Amino acid sequence: MDGITPQLVALQLFTGLALGAVYVLLAVGLSLIFGMLTVVNFAHGAFFMVGAYAGYALYQVVPNFWLCLVLVPLVVAAFGMAVERTLIRPLYGRGIDYPLLLTFGLAYVMVEAVRIAFGKQGLPVDTPELLQGSADILVGEFPLYRLFVIGVTVLVLAGLWLFIEKTSFGLIVRAGARDPQIVRILGIDVARVWLIVFGLGTGVAGLAGFLAAPMQGISPEMGGSVLTVAFVVTVVGGMGSLVGAIVAGVLVGVVESLAVLFVPEAAKVSMFVIMALVLLVRPQGLFGRAGLMN
Amino acid sequence: MNAHSDALYDVAPPRRTFAHIRTHRVLASVLVLLALPWLIPNQSVATNILIYGLYGVGFNLVFGYMGMLSFGHAAFFGVGAYAAGILIAQAGAPWWVALPAAVLVAGVLALAMGLLAIRTRGIYFAMVTLALAQCVYFLVYQFPLSGGENGLRGVNVAQVHLPGLTVDLLDPTAKYLAFLAVVAVALLAVSRVLASPFGGAVEAIRENEARTRACGFNVEHTKLMAFVLSGALCGLAGALAAIHLSSVAIESLHYETSGLVVMICLLGGMGTFFGPFVGAALFLLIQDVFSLWTEHWQLYAGAIFMFFVLFFPKGVWGTILEKTHGR
């Protein structure tokens, strides 16, 4: 434990926050889609990966990071909406397992398609010039790009919250999550709402992939491990709860980063320990409503 | 199930030959599997069908019969393989120690994972089992005896000695028959369990959990028991795989190995007795045929799987059974 100063711990805490930010974006999308459509999107990690690759490809055409930052979520969202409309919609009403199985197969296809298009090898992604270097955050120097990732995440979450809580469309989303049948009786096109929510969720996953790319590089398999993390975060936070996704995502990210410092051999298992504890004490998740899944 | 209930309900009676096959499902399955090495040219593929079929049978117990989708069965398959592999390669244990040990270790792991996963309902189950299996992957990866990334080598069982009989496992046909004997015992056990009142409770949970509970069955207990049994069978399949390949790869614990058995079960027919073997054969066929002319066979495997989910959710064997009024 020599050489571990409070300063180092504080810096690692911030690293965990940046890591957690990506987890939060993933889990929020997953949770949103589940809360609304009761579909567990097993291709969520694949959408994350597609977002990273879309950013890589788009950057070759329009070498402007900020433009890509806006375009990538839109492209991935459009792709997600096409998937919902053509593949998932026929499965509504056929049991909760079928959309899950379909998206599982879809993830296979997406990963292999990316391998064909971009090769099996991973690719490095440069940090945009403006965000290279580091900034002084009182406890020490911290990479600027990671601060940027935290900032974007906060903005996206604020936007999502405003969208869901303060707009009339958000009201329909919340009502639809409660009771889609009543919403349909009131004359609202629920199918259209579901389409948009699926697009929203996958778009945010794509954005997360795009943001994560300069931190870890891109590879066709990058979605696999991230899917597990997204599941753990959703289970810990409680399915269908935005606050839960945020708290659990930050918790998992920070604990993992601190574990790297104190008990490196247990770092990868740390999130599963959290999940096991939560399952024992509160099976519905920290912010989950009991009985949602019955 | 029997002639009585068919007469009671407005269902066409099963054809007589088919009814016979149903009552002797273990015998029929073993006879078909006995002919398999002569039906397909490659002995090694036949052995793989046997192993993955058994893996599917174990998984099917939870997925097809109980209606709970687990994405973590690679943990049982892999840990069974590692348990048998470590005992044979590093402790020099004979097969009759290694196989039961693999079953036991996988069963105990299933008990531990089940105690956590069963606490969650419905859709959570798939996510929690996947996450716990990933945890097992990391733990085994760091376990000193597992060989880490390189996996385990030297899992050699050259001969199996029985009273009055010595089986040479280096001969592919003899190896197939020896494995088939193990699979036959497992199938017999599964068939007995499914026919028991416990098996009825398992299927009742799939049909209506609340009603099963209201009828006085201990649903949690039944789920856990079925999960342990399922894990133990998958552990046996893993042990056979370790002996077949003389090695264990860390990939046997990977998420894709969990996905593989989901595919096998769905392609073959979930909740059918022989379906997993049909699914295993179909999957290996897809893998073989497509990898002949493209290294991207997973693209086609995924697409075919999606096609089945959308249009043939009962799988090949399930659809055949339905058409012949079997189920």
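Helices here are DSSP runs of H or I with at least four residues. With that in hand, we can walk through this predicted model, starting with chain A.

The UniProt record, an unreviewed entry, places the feature "transmembrane region" at several stretches of chain A, including residues 12–32 and 95–118. Let's look at these two in the model. Residues 12–32 of chain A are 100% helix and 0% strand, and the C-alpha atoms at the two ends of the span are 30 Å apart. For residues 95–118 of chain A, the helix content is 92%, again with 0% strand, and 36 Å separates the end C-alpha atoms.

Next comes a loop of chain A. Between helix 1 (6–37) and helix 2 of chain A sits A:Thr38. Most residues other than glycine have a negative phi. A:Thr38, however, has a positive phi, near 45°. How buried or exposed is A:Thr38? A residue needs 20 or more other C-beta atoms within 10 Å to count as buried; A:Thr38 has 19, so it is partly exposed.

Just after this loop, helix 2 of chain A covers residues 44–61. Its 18 residues reach 26 Å from the first C-alpha to the last, close to the 26 Å expected at 1.5 Å a residue. Of those 18 residues, 14 are buried, so helix 2 of chain A is largely enclosed by the rest of the structure.

Now let's see where the two chains meet. Chain A and chain B each bring 34 residues to the contact. On the chain A side, helix 4 (97–118), helix 9 (222–237) and helix 11 (267–281) each supply at least two residues. Helix 4 of chain A gives the largest share, 14 residues. Sorted by class, the chain A side has 24 nonpolar, 5 polar and 5 charged residues.

Turning to chain B, we find helix 5 (residues 74–91) packing with helix 7 (residues 124–142), their axes 9 Å apart and at an angle of about 25°. Angles under 35 degrees count as roughly parallel, and helices 5 and 7 of chain B are therefore roughly parallel to each other. Among the residues that meet are B:Gly78 and B:Tyr82 from helix 5 of chain B, and B:Leu132 and B:Val136 from helix 7 of chain B. The residues of this contact comprise 8 nonpolar, 1 polar and no charged.

Our last stop is B:Ser246, in the loop between helix 11 (219–245) and strand 4 (247–248) of chain B. B:Ser246 is not a glycine, yet its phi is positive, near 55°. With 17 other C-beta atoms within 10 Å, B:Ser246 is partly exposed.

Note on methods:
Residues are numbered from 1 along each chain as its sequence is written. Chains are lettered from A and ligands numbered from 1 in the order in which they are written. This is a predicted model: local features need pLDDT of at least 70, side-chain atom pairs count only at pLDDT 80 or more; totals for chains, interfaces and linings use all residues. UniProt positions are given in the numbering used here, feature names are shortened, and annotations may be inferred rather than shown by experiment. Axes are lines fitted to C-alpha atoms, for helices over the stretch in contact, and angles run from 0 to 180 degrees between N-to-C directions. Angles under 35 degrees count as roughly parallel, over 145 as roughly antiparallel, 65 to 115 as roughly perpendicular and the rest as oblique. Two residues are in contact if their C-beta atoms, placed from the backbone, lie within 7 Å. Ala, Val, Leu, Ile, Met, Phe, Trp, Tyr, Cys and Pro count as nonpolar, Asp, Glu, Lys and Arg as charged, and the others, Gly among them, as polar. The expected span of a helix is 1.5 Å times one less than its number of residues. A residue is buried if 20 or more other C-beta atoms lie within 10 Å of its own, exposed if 12 or fewer, and partly exposed in between; C-beta atoms are placed from the backbone.
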